Number of protein chains: 2
Amino acid sequence: MSETRWLSESEMAMWVAYLSATHLLERRIEDQLKVDSGLTHAQYEILARLSEHPDARLRMTELARRLIISKSGLTYQIGQLERRGLVTRTTCPSDERGVFAVLTEEGSRCLERTAPEHVAVVRAFLIDRLTPEEVETMRRIMTKAVAAMEAAPAGPLRSSPPGKSPG
Amino acid sequence: MSETRWLSESEMAMWVAYLSATHLLERRIEDQLKVDSGLTHAQYEILARLSEHPDARLRMTELARRLIISKSGLTYQIGQLERRGLVTRTTCPSDERGVFAVLTEEGSRCLERTAPEHVAVVRAFLIDRLTPEEVETMRRIMTKAVAAMEAAPAGPLRSSPPGKSPG
DNA sequence: TACGGCTTGTTCAAATTTGAACTAACCACT
DNA sequence: AGTGGTTAGTTCAAATTTGAACAAGCCGTA
């Protein structure tokens, strides 16, 4: 194994600030959503993703994949949303195993009612504090990171493809 | 109330990528830490913050504030770490109520043993994919966001200070 | 010294999240 | 049709996280 490359002062400052910002923002978002609509952030994201799609429906696995949450976690949250009448489950015609999560009319209204305040929080603490160039840089950075993680297989990091360990 | 300023395409792309990257990275970090040391990310951060300080100790409330977790959450995690012998509790001499979380020798060794792989993950999926300029921009962005959220009081957003509502 | 008002840390119940185990269904190939 | 290997979604137990309630200690002021 190679010697550890520790983080530089600048890198460390970035990483610590990133962690803090993420947690602080998450807390602000949760607080706002709870007060204004009784939704959690996870639930809001489910409604938002569904609303972006034709027929406002998505298969469970696909939705979980996009939200980066576990399948069981999604099952739980869809249950909560269903209980509140914001989402319905529909079996998939072409695949007997499949389940569509479908946004209801009321779910759509709830989302429309909640979105403005939610967007306001994201703007107030992040987006409106950035220059257009910073928004663009951040978009590029995050998109790169997502691509890297979606491409890389799970498990230990390798500098070379699996099975090529020197011996 | 003013009309909602929705996110532009670029802003939305940034926000969605940010959420995905955050969750994906968190998952990668959790997986690596679990495999290599049996620690959670929260626990690792506790050890890391303690190690940065003289005497490797911090008061509970201060530690919770820095990590952006609840006091009860910290109580729980310190309990876990104490059970594993990585941390000890010490009462504060100058304040009978106070409790210091103290990194033990074993905790220190655990951290040293674990840190290289942890840093490797953060590098592999984020830092090493950024140019020095991007690191700097990201540091600036995140630092700004943290400052904004630490300064702003909890509760609904206001464009003007409290008590100044027009009427 | 005694008295409110805060602050500290813990306990507790409730909500959420995850991975493992499981059932059912799909699919390629015989 | 039958078989083995995969995928979809749920159920379950265990771990974690939070806010509210609480007991104890601090502190300025009467």
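This is a chat about a predicted model of two protein copies and their contacts with DNA strand D.

Student: What superposes chain A on chain B?
Tutor: A rotation of 180 degrees with 0.0 Å of shift along its axis does, at an RMSD of 0.0 Å. The two copies are thus related as by a two-fold rotation axis.

Student: Which residue of chain A comes closest to the rotation axis?
Tutor: Met138(A), with its C-alpha at 3.5 Å.

Student: And why do the copies meet through the same surface?
Tutor: Because 100% of the interface residues of chain A are also interface residues in chain B.

Student: OK, the DNA. How many residues surround strand D?
Tutor: There are 23, and the closest are Thr61(A), Arg89(A), Arg97(A), Tyr76(B) and Gln77(B). Of the atoms of DNA strand D that come within 4 Å of the protein, 65% belong to sugar and phosphate.

Student: Which side chain has an N or O atom 2.4 Å from a base oxygen of that strand?
Tutor: That of Arg97(A).

Student: What lies 2.8 Å from a phosphate oxygen?
Tutor: A polar side-chain atom of Ser70(B) does. Glu96(B) places a backbone N or O atom 2.8 Å from a phosphate oxygen of DNA strand D.

Student: Which element gives the most to the surface near strand D?
Tutor: H4(B), with five residues. Those supplying at least two residues each include helix H3 (60–67) and strand S3 (95–103) of chain A, and strand S3 (95–103) of chain B.

Student: How do the residues of that surface divide into nonpolar, polar and charged?
Tutor: Ten are polar, eight charged and five nonpolar.

Note on methods:
Residues numbered from 1 in each chain as written. Chains lettered and ligands numbered in written order. Predicted model: local features only at pLDDT ≥ 70, side-chain atom pairs only at ≥ 80, totals over all residues. Heavy atoms only, no water. Least-squares fit on C-alpha atoms with pLDDT ≥ 70 in both. Contact = heavy atoms within 4.5 Å. Near = heavy atom within 4 Å. Polar contact = N/O pair within 3.5 Å; in protein donor to acceptor, adjacent residues only side chain to side chain. Helix = DSSP H or I, 4+ residues; strand = E, 2+ residues; numbered from the N terminus. Nonpolar A, V, L, I, M, F, W, Y, C, P; charged D, E, K, R; others polar.
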